[in-house]
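Me: I am new to this structure. Please take a close look at its strands and how they are paired, and show me what surrounds them.

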Amino acid sequence: MTTTMLRLSLLLMLLTTVISELCHPHDKKVLLQIKKELNNSDILRWDPNTDCCNWVALTCDPKTHRINSFNLFAQEKFSAQIPPSLGLLTYLESLDLHKLPKLTGPIHPTIAKLTHLTFLRIDWTNISGPIPSFLGRLTNLTYLNLSFNNLTGSIPGSLSQLSNLGALFLDRNHLTGSIPSSLGSLKSNDLYLKLSHNNLSGSIPLSFGNLNLTFLELYRNNLTGDASVLFGPNKTVQSMDLSRNQLSFDLSKVEFPANLTSLDLNHNKVYGELPQRLTALDLQNLNVSYNRLCGQIPVGGRLQHFDVYSYFHNKCLCGSPLPSCT
């Protein structure tokens, strides 16, 4: 009985040792360096005597046991810059730094080494500086979110190299310059694109006519010119917000995608009439206020479901829910 118990004890010790060593030694060393670069933050309760695959904010690949995700969320007191050693976790597939208001500094160049990344989110932080062109090397990315930061400068055209990208969110920054026409070569069949709340200027690239957009936000910029390239009967876009720019085009000549359910054009210089074709759409949201539209609001569909605020402050638009045309 004693021999059996001894064997069981030895087996348990062996299993414990094996389990504790699942985390790759290189990754463990890098993680401890990251903790040091993060000012040994108490938030990261990483005990060097335990398996790093069980540490908070991390996951390991179940087969290789390499660290494949680093996810740090909603830490008000967390104060640091993006640690350079993150770039040494070369098996990362997901890097998520979300709602860290005291995360500052630029996007560190070592991020360019994370070529296995499919998901990169650094949002609701105080990182600053430009969007680095080296992000275009992360060609496995399907999701890139850098919104709600203090990023400045122009949008690098190299982002068009992200051929697998299905979501690009750069909204709520301080970006300037024009939208690169090269972004029109993004190949996703279900693209979500958010560039709103910046200081972008110039026209919407003609190449955007090639995009298979599902969701588009360009509002609160200084964009000018013709936006009709975004519309068309064969387009796939469902929601489009172009409000609060200086766009100018004839809405009466626009053909709308059949799946369009939300359209916001308020505070632009759009002219012409509201076309009858709008009545065929299952619109859940519509706002064309503060433009230069004229003529009667077509009767039918959902156009009379919207209140006066969706239509008012136009040149000579009339008809329900506005006053009748006389």
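Reply:
**Strand pairing and its surroundings**

Six strands, in the order 7-9-11-13-15-17, make up an open sheet with parallel pairing. Strand 7 (128–130) and strand 17 (246–247) stand at its edges. Each has a single partner strand, so one side of each has no neighbour in the sheet. Inside the order, strand 11 (residues 174–177) pairs with strand 13 (residues 199–203). Two bridges hold that parallel pair. In one of them, T176 has N199 of strand 13 as its partner. Keep in mind that the model is predicted.

Now turn to another open sheet. It is built from 11 strands, in the order 1-2-4-6-8-10-12-14-16-18-20. Here the pairing is mixed. Strand 1 and strand 20 (285–287) are the edge strands, each pairing on one side only. From one strand to the next, the twist averages 10 degrees.

Strand 6 deserves the closest look. Five of its seven residues are buried, so the rest of the structure largely encloses this strand. Strand 4 runs parallel to strand 6, and six bridges join the two. L97 stands opposite I122 of strand 6. Strand 6 also pairs with strand 8, again in the parallel sense, over three bridges. There the bridge partner of F119 is Y143 in strand 8.

F119 and Y143 meet through their rings too. The structure holds 10 aromatic pairs. F119 and Y143 form a stacked one, 4.5 Å centre to centre, with 5 degrees between the planes. Why does this pair tie together separate parts of the chain? F119 lies in strand 6 and Y143 in strand 8 (residues 143–145), so the pair ties together parts 24 residues apart in sequence. F119 has a relative accessible area of 23%, which makes it partly exposed. Buried would mean under 20%.

Move along to L120. Setting aside sequence neighbours within four places, L120 is in contact with L95, I111, L135, L138, L141, Y143, L144 and N145. Y143 therefore turns up beside L120 as well as F119. L120 also belongs to the largest nonpolar core, which has 92 residues. F70, I111, L120, L230 and Y311 are the members that touch the most others. Several elements give two or more residues to this core, among them helix 2 (25–37), strand 2 (67–73), strand 4 (94–100) and strand 6 (119–125). Strand 12 and strand 14 are on that list as well. As a general rule, nonpolar side chains in soluble globular proteins tend to be buried together. F70 has another role: W46, W55 and F70 form one aromatic cluster.

What lies around E93? Leaving out residues up to four places away in sequence, E93 touches N68, H116, L117, T118 and F119. E93 sits in the loop between strand 3 (79–81) and strand 4. Its relative accessibility is 37%, and E93 counts as partly exposed. E93 and L120 are 27 residues apart in sequence. In space, their C-alpha atoms are 8.4 Å apart.

Two lysines sit over rings. The charged end of K99 is over the ring of W124, 5.4 Å from its centre. The charged end of K194 is over the ring of F169, 4.9 Å from its centre.

K194 leads further along the sheet. Strand 10 (residues 167–169) runs parallel to strand 12 (residues 191–194), and three bridges join them. The partner of A167 in strand 12 is Y192. Strand 12 and strand 14 (residues 213–217) are parallel as well, with four bridges between them. There K194 has E217 of strand 14 as its bridge partner.

At the far end of the order, strand 18 (residues 262–264) pairs with strand 20 in the parallel sense over three bridges. L263 stands opposite L286 in strand 20.

Which residues are 32% and 25% accessible? Y290, at 32% relative accessible area, is partly exposed. F312, at 25%, also counts as partly exposed.

Note on methods:
Residues numbered from 1 in each chain as written. Predicted model: local features only at pLDDT ≥ 70, side-chain atom pairs only at ≥ 80, totals over all residues. Heavy atoms only, no water. Pairing = 2+ DSSP bridges. Core = buried A, V, L, I, M, F, W, Y, C linked by side-chain atoms within 4.5 Å. Buried < 20%, exposed > 50% of the residue type's maximum accessible area, 1.4 Å probe, protein only. Contact = heavy atoms within 4.5 Å. Axes fitted to C-alpha atoms, helices over the stretch in contact; angles between N-to-C directions. Phe/Tyr/Trp six-rings, centres within 6.5 Å; stacked < 30°, edge-to-face > 60°. Lys NZ or Arg CZ within 6 Å of the ring centre and 35° of its normal.
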